[in-house]
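Colleague: Could you walk me through this model before I go back to the bench?

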Amino acid sequence: TLHFFFRRIHVTGSRRLPEHIPVILIANHSASFLDAMLIAVKTRRPVYFYARGDVFNNRFAARILGMLHMMPLYSPEHGRENMGRNRDSFADGERILRRNGLLLIFPEGFSRLERVIMPLKKGTARIALQTEASVEFKAGLEVVPLGINYSEHGFRADVMLCYGESTRVDAYAELHADEPAKAVNRLTTELERKFIPTVLAVKQPERSELLGMLLRMMRDDTLAGRNYNTSQYERERWLCEAVSSWPDDVAERYISDCEAYQQLLRRHGLQDRVLADVIPGRWPSNLLLVLGAPVALAGALICYVPVRFAKWMADRMVTREDFYTSVASGVGGFGSFVWCCLLLLTAWIFGNTWLCLVVLISPLLAFVAIHWWEGWRSLIAQRRWAKLKKENPAMAAHLSALRVRLKVW
């Protein structure tokens with residue numbers, strides 16, 4: 001489901017995640033439970049994590065969530081009478097760590113779409129120090145930061161998971177013995193210092209959309225084969241720092257240019273990838289579109305019902321924008337599984353061997369369908385760009401000049 005939903009999933013620095021010792025993994029939180037799904041799937045070790053306490057109110061749901069390594073955590077909005085139950089959840093977390101497990105915590109406290117880093121809450125440091133103190137600081141517990149960086153929040157976006165430098169908790173043993181509160185503050189400060197470089201963010205929330213557009217443009221340049229002397233992560237970190245450092249008048253000018261550029265792209269049905277010269281224009285690509293059309297059509301027909309159902313459920317259920325991609329991907333993945341089971345059952349009842357084979361290879365057909373659709377859209381955008389340069393060269397030149405102005409790298 002995740003590799004269907006996302007175009008690319010990059011993981012950098014995964015060797016920084018230790019094995020066979022207790023680890024607390026701290027991550028930023030911008031897409032509700034999709035963040036935890038990504039980490040659970042792309043991490044080598046079993047992951048245990050906390051979730052909103054109110055979703056555990058149903059006994060059956062609580063049992064299922066527990067099987068998925070989730071533990072309830074209550075906030076005052078879930079009822080102050082439930083706050084005392086957090087002690088049991090914290091105790092469960094400590095037990096997991098004492099068994100050399102991996103505990104995931106979102107230390108910013110809540111999910112939000114803006115590309116900013118909120119101050120870390122002290123709960124992570126408290127759990128880490130309490131766990132180590134219970135075994136006289138001999139557990140070898142480490143805290144590892146992880147940045148979850150989405151190119152955008154939507155279907156076929158890119159996501160980069162960046163592991164940061166780990167922190168040994170036993171380094172705070174003496175300070176914790178003398179001044180526990182000071183040890184919590186010191187450890188929280190160190191965790192924040194190591195956590196910040198893993199997240200592609202700006203200091204000003206109002207510049208989040210601008211940063212997102214510039215990051216996508218930079219990635220299009222990378223895909224177009226531009227030669228750079230630094231890694232993609234280093235370039236994107238540099239861009240985050242540059243956007244954060246701009247004076248307000250400079251940022252406002254870039255925001256204005258960015259909005260104008262996006263509006264013109266939408267008006268003319270274009271993609272930034274066309275102007276970055278990412279899309280191949282050679283005949284083999286067009287031939288593949290022609291030859292792959294029947295396979296793509298079969299994949300689209302099989303997947304149409306669960307995909308439309310996922311969108312309908314997300315549109316109907318979601319009241320917070322940061323939950324949308326989580327619901328859409330989760331319902332889409334589970335719905336596709338149920339739909340394929342129903343089709344297999346139908347084929348078995350009617351004895352249709354060919355339909356059984358088609359359903360069994362439906363994941364492959366779905367990948368072909370989505371890549372075909374992306375290729376078709378790119379081809380149309382490329383043709384529109386060629387037509388615009390021929391029929392309205394002044395507008396084409398204006399679009400190119402806008403992109404050059406926005407390229408600060």
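**Contacts, surface and cysteines**

Modeller: This is a predicted model, and a good place to begin is its contacts: among those between residues at least 6 apart in sequence, 72% join residues at least 24 apart.

Colleague: Ok, and how many helices and strands are there in the chain?

Modeller: The chain has 16 helices and eight strands, and its C-alpha atoms fill a box of roughly 75 × 65 × 40 Å when that box is taken along the principal axes.

Colleague: What share of the residues counts as buried?

Modeller: Of the 409 residues in the chain, 46% count as buried. As for the accessible surface of the chain, the total is about 22,100 Å², with 58% of that belonging to carbon and sulfur atoms.

Colleague: Switching to charges, how far apart are the mean positions of the positive and negative ones?

Modeller: They are 6 Å apart, with 53 positive and 41 negative charges in the chain.

Colleague: And how many disulfides does a search find?

Modeller: Searching the whole structure gives zero disulfides. Cysteine 258, for instance, is in none, and the nearest cysteine sulfur to its own, that of cysteine 240, lies 14 Å away.

Colleague: Is cysteine 258 buried or exposed?

Modeller: Cysteine 258 is buried, since its relative accessible area is 4%, and the cut-off for buried is under 20%.

Colleague: Why is there no bond for cysteine 356?

Modeller: Its closest cysteine sulfur, in cysteine 340, is 12 Å from the sulfur of cysteine 356, which is too far for a bond, because a disulfide needs the two sulfur atoms within 2.5 Å.

Key: Residues numbered from 1 in each chain as written. Predicted model: local features only at pLDDT ≥ 70, side-chain atom pairs only at ≥ 80, totals over all residues. Heavy atoms only, no water. Helix = DSSP H or I, 4+ residues; strand = E, 2+ residues; numbered from the N terminus. Buried < 20%, exposed > 50% of the residue type's maximum accessible area, 1.4 Å probe, protein only. Contact = heavy atoms within 4.5 Å. Areas by Shrake-Rupley, 256 points an atom, 1.4 Å probe, with all protein chains shown as cover. Lys, Arg positive; Asp, Glu negative; His and termini not counted. Charge placed at Lys NZ, Arg CZ, Asp CG, Glu CD.
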